[in-house]
Amino acid sequence: MGNAASAATAGQPALLKVEVSGPVLSVGLNRPAKRNALNDGIILAIADCFSNIPDDIRAVVIHGIGDHFSSGLDLSELTEQDATEGLQHSQMWHRVFDRVQYCRVPVIAALKGAVIGGGLELACAAHIRVAEPSAYFALPEGQRGIFVGGGGSVRLPRLIGVARMTDMMLTGRVYSAIEGAAYGFTQYLTEEGNAYPKAMELAAKVATNAPLTNFAVLQALPMIAEANPQAGLLMESLMATVAQSDKEAKTRIRAFLDRKTAKVKPT
Ligand SMILES: COc1cc(/C=C/C(=O)SCCNC(=O)CCNC(=O)[C@H](O)C(C)(C)COP(=O)(O)OP(=O)(O)OC[C@H]2O[C@@H](n3cnc4c(N)ncnc43)[C@H](O)[C@@H]2OP(=O)(O)O)ccc1O
(Lines give C-alpha, C1' and ligand atoms only; values in the text may rest on other atoms or scores of the structure.)
Protein backbone atom coordinates (compact mmCIF):
# COMPACT_ATOMS: atom_id res chain seq x y z
CA MET A 1 0.00 0.00 0.00
CA GLY A 2 1.36 3.38 -0.95
CA ASN A 3 -0.77 5.54 1.35
CA ALA A 4 1.19 8.13 3.24
CA ALA A 5 -0.70 8.15 6.53
CA SER A 6 -0.26 4.45 7.18
CA ALA A 7 3.43 4.45 6.30
CA ALA A 8 5.99 4.30 9.09
CA THR A 9 7.64 7.67 9.65
CA ALA A 10 10.99 8.52 11.24
CA GLY A 11 11.42 5.43 13.36
CA GLN A 12 7.73 5.29 14.38
CA PRO A 13 5.85 2.11 13.50
CA ALA A 14 3.01 2.59 11.02
CA LEU A 15 -0.28 3.30 12.76
CA LEU A 16 -1.96 0.77 10.50
CA LYS A 17 -0.55 -2.59 9.52
CA VAL A 18 -1.93 -3.05 6.02
CA GLU A 19 -1.46 -6.37 4.22
CA VAL A 20 -2.83 -7.84 1.02
CA SER A 21 -3.94 -11.47 0.98
CA GLY A 22 -5.28 -12.28 -2.49
CA PRO A 23 -8.49 -10.28 -2.89
CA VAL A 24 -8.60 -9.34 0.83
CA LEU A 25 -7.06 -6.24 2.42
CA SER A 26 -6.20 -6.70 6.10
CA VAL A 27 -6.07 -3.45 8.08
CA GLY A 28 -4.63 -3.72 11.60
CA LEU A 29 -4.93 -0.87 14.12
CA ASN A 30 -1.33 -0.71 15.28
CA ARG A 31 -0.91 1.13 18.59
CA PRO A 32 -0.91 -1.88 20.92
CA ALA A 33 1.01 -0.03 23.67
CA LYS A 34 -1.96 2.38 23.86
CA ARG A 35 -4.49 -0.41 23.38
CA ASN A 36 -5.12 0.91 19.86
CA ALA A 37 -6.52 4.20 21.15
CA LEU A 38 -7.70 6.25 18.18
CA ASN A 39 -5.64 9.43 17.90
CA ASP A 40 -5.84 11.84 14.96
CA GLY A 41 -2.96 10.03 13.24
CA ILE A 42 -4.68 6.65 13.18
CA ILE A 43 -8.04 8.20 12.21
CA LEU A 44 -6.38 9.95 9.24
CA ALA A 45 -4.58 6.72 8.33
CA ILE A 46 -7.96 4.91 8.28
CA ALA A 47 -9.36 7.68 6.04
CA ASP A 48 -6.39 7.39 3.71
CA CYS A 49 -6.56 3.61 3.60
CA PHE A 50 -10.30 3.45 2.90
CA SER A 51 -9.99 6.16 0.22
CA ASN A 52 -7.37 4.14 -1.64
CA ILE A 53 -8.67 0.58 -1.73
CA PRO A 54 -6.92 -1.00 -4.74
CA ASP A 55 -9.23 -1.99 -7.62
CA ASP A 56 -8.46 -5.71 -7.26
CA ILE A 57 -9.46 -5.82 -3.57
CA ARG A 58 -12.87 -7.45 -2.96
CA ALA A 59 -13.15 -7.35 0.87
CA VAL A 60 -11.49 -5.71 3.88
CA VAL A 61 -10.83 -7.03 7.38
CA ILE A 62 -10.21 -4.51 10.14
CA HIS A 63 -8.69 -5.74 13.40
CA GLY A 64 -6.50 -4.75 16.32
CA ILE A 65 -2.82 -5.62 16.71
CA GLY A 66 -2.16 -6.93 20.23
CA ASP A 67 -4.77 -8.07 22.74
CA HIS A 68 -7.45 -5.47 22.01
CA PHE A 69 -9.46 -4.13 19.10
CA SER A 70 -9.48 -0.54 20.37
CA SER A 71 -9.81 1.38 23.64
CA GLY A 72 -11.60 4.19 21.77
CA LEU A 73 -10.79 7.84 21.42
CA ASP A 74 -7.27 8.76 22.52
CA LEU A 75 -8.31 10.72 25.59
CA SER A 76 -5.03 12.62 25.73
CA GLU A 77 -6.09 14.50 22.56
CA LEU A 78 -9.40 15.72 23.98
CA THR A 79 -8.24 17.74 26.96
CA GLU A 80 -7.33 20.91 25.04
CA GLN A 81 -10.34 21.03 22.68
CA ASP A 82 -12.87 23.88 22.83
CA ALA A 83 -16.46 23.43 21.54
CA THR A 84 -15.66 24.51 17.97
CA GLU A 85 -12.74 22.12 17.76
CA GLY A 86 -14.87 19.40 19.34
CA LEU A 87 -17.53 19.80 16.64
CA GLN A 88 -14.89 19.67 13.89
CA HIS A 89 -13.30 16.63 15.52
CA SER A 90 -16.56 14.71 15.74
CA GLN A 91 -17.50 15.61 12.16
CA MET A 92 -14.06 14.46 10.99
CA TRP A 93 -14.69 11.09 12.65
CA HIS A 94 -18.09 10.95 10.95
CA ARG A 95 -16.52 11.45 7.53
CA VAL A 96 -13.88 8.80 8.21
CA PHE A 97 -16.28 6.17 9.57
CA ASP A 98 -18.61 6.91 6.64
CA ARG A 99 -15.74 5.89 4.36
CA VAL A 100 -15.71 2.56 6.17
CA GLN A 101 -19.50 2.10 6.03
CA TYR A 102 -19.76 3.21 2.39
CA CYS A 103 -16.67 1.31 1.32
CA ARG A 104 -16.98 -0.16 -2.18
CA VAL A 105 -16.36 -3.65 -0.77
CA PRO A 106 -17.54 -5.47 2.38
CA VAL A 107 -15.70 -4.62 5.60
CA ILE A 108 -15.47 -7.28 8.33
CA ALA A 109 -14.37 -6.34 11.86
CA ALA A 110 -12.48 -8.94 13.92
CA LEU A 111 -13.02 -8.10 17.59
CA LYS A 112 -11.11 -9.12 20.72
CA GLY A 113 -10.40 -7.58 24.11
CA ALA A 114 -11.49 -3.97 24.57
CA VAL A 115 -13.99 -2.69 22.02
CA ILE A 116 -14.67 0.58 23.76
CA GLY A 117 -16.16 3.98 22.92
CA GLY A 118 -14.84 5.14 19.54
CA GLY A 119 -13.49 1.62 18.91
CA LEU A 120 -17.04 0.31 19.26
CA GLU A 121 -18.23 3.09 16.92
CA LEU A 122 -15.63 2.03 14.34
CA ALA A 123 -16.79 -1.58 14.62
CA CYS A 124 -20.38 -0.38 14.05
CA ALA A 125 -19.35 1.02 10.65
CA ALA A 126 -18.22 -2.43 9.48
CA HIS A 127 -20.68 -4.68 7.64
CA ILE A 128 -20.02 -7.90 9.56
CA ARG A 129 -18.61 -8.25 13.10
CA VAL A 130 -16.78 -11.35 14.31
CA ALA A 131 -15.81 -11.63 17.99
CA GLU A 132 -13.89 -14.05 20.18
CA PRO A 133 -14.71 -14.64 23.87
CA SER A 134 -12.22 -12.06 25.18
CA ALA A 135 -14.11 -9.26 23.41
CA TYR A 136 -16.09 -6.86 25.55
CA PHE A 137 -18.12 -3.85 24.56
CA ALA A 138 -18.54 -0.63 26.54
CA LEU A 139 -19.38 3.05 26.23
CA PRO A 140 -17.72 4.71 29.26
CA GLU A 141 -18.37 8.21 27.86
CA GLY A 142 -20.58 9.05 30.85
CA GLN A 143 -17.66 8.45 33.21
CA ARG A 144 -15.43 10.65 31.03
CA GLY A 145 -18.00 13.47 30.86
CA ILE A 146 -18.40 13.23 27.11
CA PHE A 147 -20.83 11.81 24.53
CA VAL A 148 -20.25 9.47 21.62
CA GLY A 149 -18.78 11.40 18.67
CA GLY A 150 -18.07 8.82 15.97
CA GLY A 151 -21.58 8.10 14.71
CA GLY A 152 -22.39 5.65 17.50
CA SER A 153 -25.74 7.22 18.37
CA VAL A 154 -26.87 6.67 14.77
CA ARG A 155 -25.39 3.22 14.10
CA LEU A 156 -25.49 1.36 17.42
CA PRO A 157 -29.25 1.75 18.17
CA ARG A 158 -29.94 0.30 14.72
CA LEU A 159 -27.97 -2.79 15.75
CA ILE A 160 -28.90 -3.34 19.40
CA GLY A 161 -31.79 -0.92 20.01
CA VAL A 162 -32.02 2.46 21.77
CA ALA A 163 -32.84 0.88 25.17
CA ARG A 164 -29.64 -1.19 25.33
CA MET A 165 -27.46 1.69 24.17
CA THR A 166 -29.12 3.96 26.74
CA ASP A 167 -28.33 1.39 29.45
CA MET A 168 -24.71 1.08 28.26
CA MET A 169 -24.22 4.85 28.29
CA LEU A 170 -25.99 5.57 31.56
CA THR A 171 -24.71 2.68 33.67
CA GLY A 172 -21.39 2.02 31.93
CA ARG A 173 -22.53 -1.58 31.55
CA VAL A 174 -19.97 -3.78 29.83
CA TYR A 175 -21.40 -6.36 27.45
CA SER A 176 -19.59 -9.66 27.15
CA ALA A 177 -18.87 -11.36 23.82
CA ILE A 178 -21.82 -13.69 24.48
CA GLU A 179 -24.16 -10.74 25.10
CA GLY A 180 -22.80 -8.97 22.00
CA ALA A 181 -23.79 -11.98 19.92
CA ALA A 182 -27.15 -12.44 21.66
CA TYR A 183 -28.10 -8.79 21.05
CA GLY A 184 -27.15 -8.86 17.38
CA PHE A 185 -24.07 -6.67 17.60
CA THR A 186 -21.80 -9.45 16.36
CA GLN A 187 -22.79 -12.04 13.79
CA TYR A 188 -20.10 -14.63 14.64
CA LEU A 189 -18.62 -15.75 17.97
CA THR A 190 -15.48 -17.85 17.57
CA GLU A 191 -13.14 -19.67 19.91
CA GLU A 192 -10.42 -17.60 21.56
CA GLY A 193 -7.80 -16.44 19.07
CA ASN A 194 -9.99 -17.21 16.07
CA ALA A 195 -11.81 -13.94 15.36
CA TYR A 196 -9.17 -12.72 12.90
CA PRO A 197 -8.77 -16.03 11.00
CA LYS A 198 -12.57 -16.37 10.84
CA ALA A 199 -12.91 -12.79 9.56
CA MET A 200 -10.27 -13.50 6.90
CA GLU A 201 -12.08 -16.71 5.91
CA LEU A 202 -15.39 -14.83 5.62
CA ALA A 203 -13.71 -12.06 3.65
CA ALA A 204 -12.30 -14.57 1.18
CA LYS A 205 -15.83 -16.03 0.84
CA VAL A 206 -17.64 -12.71 0.28
CA ALA A 207 -14.90 -11.78 -2.21
CA THR A 208 -16.21 -14.56 -4.47
CA ASN A 209 -19.68 -12.96 -4.78
CA ALA A 210 -20.60 -10.98 -7.85
CA PRO A 211 -19.36 -7.41 -7.17
CA LEU A 212 -22.77 -6.01 -8.18
CA THR A 213 -24.54 -8.13 -5.54
CA ASN A 214 -22.12 -6.95 -2.86
CA PHE A 215 -22.64 -3.38 -4.06
CA ALA A 216 -26.43 -3.79 -3.75
CA VAL A 217 -26.12 -5.25 -0.25
CA LEU A 218 -23.79 -2.49 0.96
CA GLN A 219 -25.29 0.54 -0.79
CA ALA A 220 -28.94 -0.26 -1.50
CA LEU A 221 -30.03 -2.58 1.34
CA PRO A 222 -29.45 -0.07 4.18
CA MET A 223 -31.49 2.55 2.28
CA ILE A 224 -34.23 0.09 1.35
CA ALA A 225 -34.50 -1.08 4.95
CA GLU A 226 -35.06 2.51 6.14
CA ALA A 227 -37.33 3.59 3.29
CA ASN A 228 -41.14 3.55 3.34
CA PRO A 229 -42.31 0.16 2.01
CA GLN A 230 -43.45 1.42 -1.41
CA ALA A 231 -40.21 3.28 -2.10
CA GLY A 232 -38.26 0.31 -0.72
CA LEU A 233 -39.98 -2.18 -2.99
CA LEU A 234 -39.36 0.04 -6.01
CA MET A 235 -35.66 0.39 -5.12
CA GLU A 236 -35.47 -3.38 -4.65
CA SER A 237 -36.98 -4.04 -8.09
CA LEU A 238 -34.63 -1.56 -9.73
CA MET A 239 -31.58 -3.03 -8.01
CA ALA A 240 -32.68 -6.59 -8.81
CA THR A 241 -33.18 -5.67 -12.46
CA VAL A 242 -29.73 -4.09 -12.74
CA ALA A 243 -28.04 -7.08 -11.07
CA GLN A 244 -29.82 -9.82 -13.00
CA SER A 245 -29.31 -8.02 -16.33
CA ASP A 246 -25.55 -8.09 -15.80
CA LYS A 247 -23.46 -10.60 -17.75
CA GLU A 248 -21.93 -11.86 -14.51
CA ALA A 249 -25.34 -13.01 -13.21
CA LYS A 250 -26.11 -14.80 -16.45
CA THR A 251 -22.73 -16.59 -16.38
CA ARG A 252 -23.16 -17.63 -12.74
CA ILE A 253 -26.73 -18.88 -13.22
CA ARG A 254 -25.70 -20.83 -16.33
CA ALA A 255 -22.86 -22.44 -14.35
CA PHE A 256 -25.37 -23.66 -11.74
CA LEU A 257 -27.82 -24.97 -14.31
CA ASP A 258 -24.97 -26.80 -16.03
CA ARG A 259 -23.98 -28.37 -12.66
CA LYS A 260 -20.61 -26.58 -12.75
CA THR A 261 -20.94 -24.81 -9.43
CA ALA A 262 -21.48 -25.81 -5.79
CA LYS A 263 -24.94 -26.53 -4.36
CA VAL A 264 -26.19 -24.69 -1.28
CA LYS A 265 -25.55 -26.96 1.73
CA PRO A 266 -25.66 -26.36 5.52
CA THR A 267 -22.17 -25.79 6.97
C1 LIG B 1 -16.43 13.71 22.53
O2 LIG B 1 -16.13 13.63 21.22
C3 LIG B 1 -15.79 12.44 20.71
C4 LIG B 1 -15.73 11.23 21.39
C5 LIG B 1 -15.37 10.07 20.80
C6 LIG B 1 -15.22 8.82 21.44
C7 LIG B 1 -15.15 8.75 22.71
C8 LIG B 1 -14.62 7.53 23.38
O9 LIG B 1 -14.04 6.64 22.80
S10 LIG B 1 -14.84 7.45 25.10
C11 LIG B 1 -13.97 6.00 25.59
C12 LIG B 1 -12.51 6.28 25.85
N13 LIG B 1 -11.85 5.07 26.31
C14 LIG B 1 -11.75 4.70 27.58
O15 LIG B 1 -12.25 5.35 28.46
C16 LIG B 1 -10.96 3.44 27.84
C17 LIG B 1 -9.72 3.77 28.65
N18 LIG B 1 -8.79 2.62 28.73
C19 LIG B 1 -8.97 1.61 29.61
O20 LIG B 1 -9.95 1.51 30.31
C21 LIG B 1 -7.84 0.60 29.67
O22 LIG B 1 -6.68 1.20 29.16
C23 LIG B 1 -8.14 -0.71 28.91
C24 LIG B 1 -8.55 -0.45 27.47
C25 LIG B 1 -9.23 -1.48 29.63
C26 LIG B 1 -6.85 -1.58 28.85
O27 LIG B 1 -6.36 -1.78 30.16
P28 LIG B 1 -4.86 -2.31 30.36
O29 LIG B 1 -4.62 -3.42 29.42
O30 LIG B 1 -4.68 -2.55 31.79
O31 LIG B 1 -3.93 -1.10 29.83
P32 LIG B 1 -3.61 0.31 30.52
O33 LIG B 1 -2.41 0.14 31.40
O34 LIG B 1 -4.81 0.91 31.11
O35 LIG B 1 -3.24 1.19 29.23
C36 LIG B 1 -2.01 1.00 28.55
C37 LIG B 1 -1.63 2.35 27.99
O38 LIG B 1 -2.61 2.78 27.05
C39 LIG B 1 -3.14 4.03 27.40
N40 LIG B 1 -4.55 4.10 26.99
C41 LIG B 1 -5.45 3.11 27.02
N42 LIG B 1 -6.63 3.55 26.54
C43 LIG B 1 -6.45 4.84 26.19
C44 LIG B 1 -7.29 5.83 25.62
N45 LIG B 1 -8.57 5.57 25.29
N46 LIG B 1 -6.78 7.04 25.41
C47 LIG B 1 -5.49 7.32 25.70
N48 LIG B 1 -4.63 6.41 26.23
C49 LIG B 1 -5.12 5.19 26.47
C50 LIG B 1 -2.97 4.08 28.92
O51 LIG B 1 -3.03 5.41 29.36
C52 LIG B 1 -1.61 3.44 29.06
O53 LIG B 1 -0.65 4.39 28.69
P54 LIG B 1 0.77 4.44 29.46
O55 LIG B 1 1.52 5.55 28.79
O56 LIG B 1 0.44 4.72 30.89
O57 LIG B 1 1.40 3.11 29.26
C58 LIG B 1 -15.08 10.23 19.34
C59 LIG B 1 -15.12 11.42 18.65
C60 LIG B 1 -15.46 12.57 19.30
O61 LIG B 1 -15.46 13.79 18.67
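This passage describes the ligand site and two helix packings in a predicted model.

The ligand is surrounded by 25 residues, of which K34, R35, S71, G118 and R144 are the closest. By class, this shell comprises eleven nonpolar, eight polar and six charged residues. Three polar atom pairs between protein and ligand may be described individually. For R35, a polar side-chain atom is placed 2.8 Å from an oxygen atom of the ligand. The backbone contributes through S71, where a polar atom lies 2.8 Å from a nitrogen atom of the ligand. A polar backbone atom of S90 is likewise found 3.4 Å from an oxygen atom of the ligand. The ligand taken alone exposes 1,100 Å², and the protein buries 67% of that area. Two or more residues of the shell are supplied by each of the elements α2 (83-101), β5 (114-116), α3 (118-125) and α4 (141-144). Among these elements, α2 gives the most, with three residues.

The helices α2 and α3, both represented in the ligand shell, also pack against each other, at an angle of about 35° and with their axes 8 Å apart. On the α2 side the contact is formed by W93, F97, V100 and Q101, and on the α3 side by G118, E121, L122 and A125. Five nonpolar residues, two polar residues and one charged residue make up this contact. G118 thus appears in two settings: this residue of α3 takes part in the contact with α2, and G118 is also listed with the closest residues to the ligand.

A second helix pair is formed by α10 (residues 229-245) and α11 (residues 247-257), which pack at an angle of about 70° with their axes 4 Å apart. Angles from 65 to 115 degrees count as roughly perpendicular, and α10 and α11 are therefore assigned to that category. The contact involves A243, Q244 and S245 of α10 together with K247, A249 and K250 of α11. Its composition is two nonpolar, two polar and two charged residues.

In general, a pair of packed helices is described by the angle between the axes and by the distance between them. In these terms, the pair α2 and α3 is given by about 35° and 8 Å, and the pair α10 and α11 by about 70° and 4 Å.

Conventions:
Residues are numbered from 1 along each chain as its sequence is written. This is a predicted model: local features need pLDDT of at least 70, side-chain atom pairs count only at pLDDT 80 or more; totals for chains, interfaces and linings use all residues. Side-chain values use heavy atoms; hydrogens and water are left out. Axes are lines fitted to C-alpha atoms, for helices over the stretch in contact, and angles run from 0 to 180 degrees between N-to-C directions. Angles under 35 degrees count as roughly parallel, over 145 as roughly antiparallel, 65 to 115 as roughly perpendicular and the rest as oblique. Contact means heavy atoms within 4.5 Å. Ala, Val, Leu, Ile, Met, Phe, Trp, Tyr, Cys and Pro count as nonpolar, Asp, Glu, Lys and Arg as charged, and the others, Gly among them, as polar. A residue is near a molecule or strand if one of its heavy atoms lies within 4 Å of it. A polar contact is a pair of N or O atoms within 3.5 Å; within protein, one must be able to donate a hydrogen and the other to accept it, and residues adjacent in sequence count only if both atoms are side-chain atoms. Accessible areas come from the Shrake-Rupley method with a 1.4 Å probe; for residues, only the protein chains shown count as cover.
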